[in-house]
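Colleague: I would like to take a close look at a single part of this model. Please go through it slowly, in a way that a first-year student can follow.

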Amino acid sequence: MAVGHQQVSCLCLLDISAAFDTIDHTILTHRLSSSFGISGTALSWIKSYLTSRSFTVNVAGHTSNPQTLTCGVPQGSVLGPLLFILYTAPLSKLISSSSVDHHLYADDTQLFISFSPHSLQDALNHIRNTITQISGWMTPISYA
């Protein structure tokens, strides 16, 4: 459609798959409760699913002592991707507020913007600002 209006498009692809490992459990459970109404036994079950997990590292036959996981959702399960999607649900609202078109699918995020060729610099600055906002949102500071 942009070409039909003599516009060009800029597409920015963000792969946030590493975010599966960085999801803050406190923020996730707060978001599940406040944004999605999950409470009581269901919320307790999810908290139980996330806590008391540990990991070890094995290098050249030497295994580290177990360390407790304080963030991340288990991958390879049905619940892991669902929790990730619920955790990142506010991201769409943030991107929409910047007037950048987008598609979200699991850990892949597509940002795109169409503009006239003479406004290239303004468009690139706009998408850079949106990426900066996304980066700020991905840094867990509060329960926002």
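Colleague: How do the axes of helix H1 and helix H2 cross, and within what distance do they come?

Modeller: This is a predicted model, and in it the axes of helix H1, residues 25–36, and helix H2, residues 40–50, come within 11 Å and cross at roughly 165°. Because angles over 145 degrees count as roughly antiparallel, H1 and H2 are roughly antiparallel to each other. The crossing in which H1 passes H2 is right-handed. On the side of H1, the contact is made by His25, Leu28, Thr29, Leu32 and Ser33, while H2 brings Leu43, Ile46, Lys47 and Leu50. Sorted by character, the residues of this contact are 5 nonpolar, 3 polar and 1 charged.

One residue of H1 to follow further is threonine 29. Its relative accessibility is 11%, and since buried means under 20%, threonine 29 counts as buried. Once its neighbours within four places in sequence are left aside, threonine 29 is in contact with Leu43, Lys47 and Leu50, and these three are also named among the residues of H2 that make the helix contact.

Leu28, another residue of the H1 side of that contact, leads on to the largest nonpolar core, which has 31 residues and in which Leu28, Leu83 and Leu111 touch the most other members. Both H1 and H2 are among the elements that each supply at least two residues of this core, together with others including strand S1 and helix H5, although the largest share, 5 residues, comes from H3.

Technical notes:
Residues numbered from 1 in each chain as written. Predicted model: local features only at pLDDT ≥ 70, side-chain atom pairs only at ≥ 80, totals over all residues. Heavy atoms only, no water. Axes fitted to C-alpha atoms, helices over the stretch in contact; angles between N-to-C directions. Helix = DSSP H or I, 4+ residues; strand = E, 2+ residues; numbered from the N terminus. Parallel < 35°, antiparallel > 145°, perpendicular 65-115°, else oblique. Left-handed = near helix turned anticlockwise from the far one by under 90°. Contact = heavy atoms within 4.5 Å. Nonpolar A, V, L, I, M, F, W, Y, C, P; charged D, E, K, R; others polar. Buried < 20%, exposed > 50% of the residue type's maximum accessible area, 1.4 Å probe, protein only. Core = buried A, V, L, I, M, F, W, Y, C linked by side-chain atoms within 4.5 Å.
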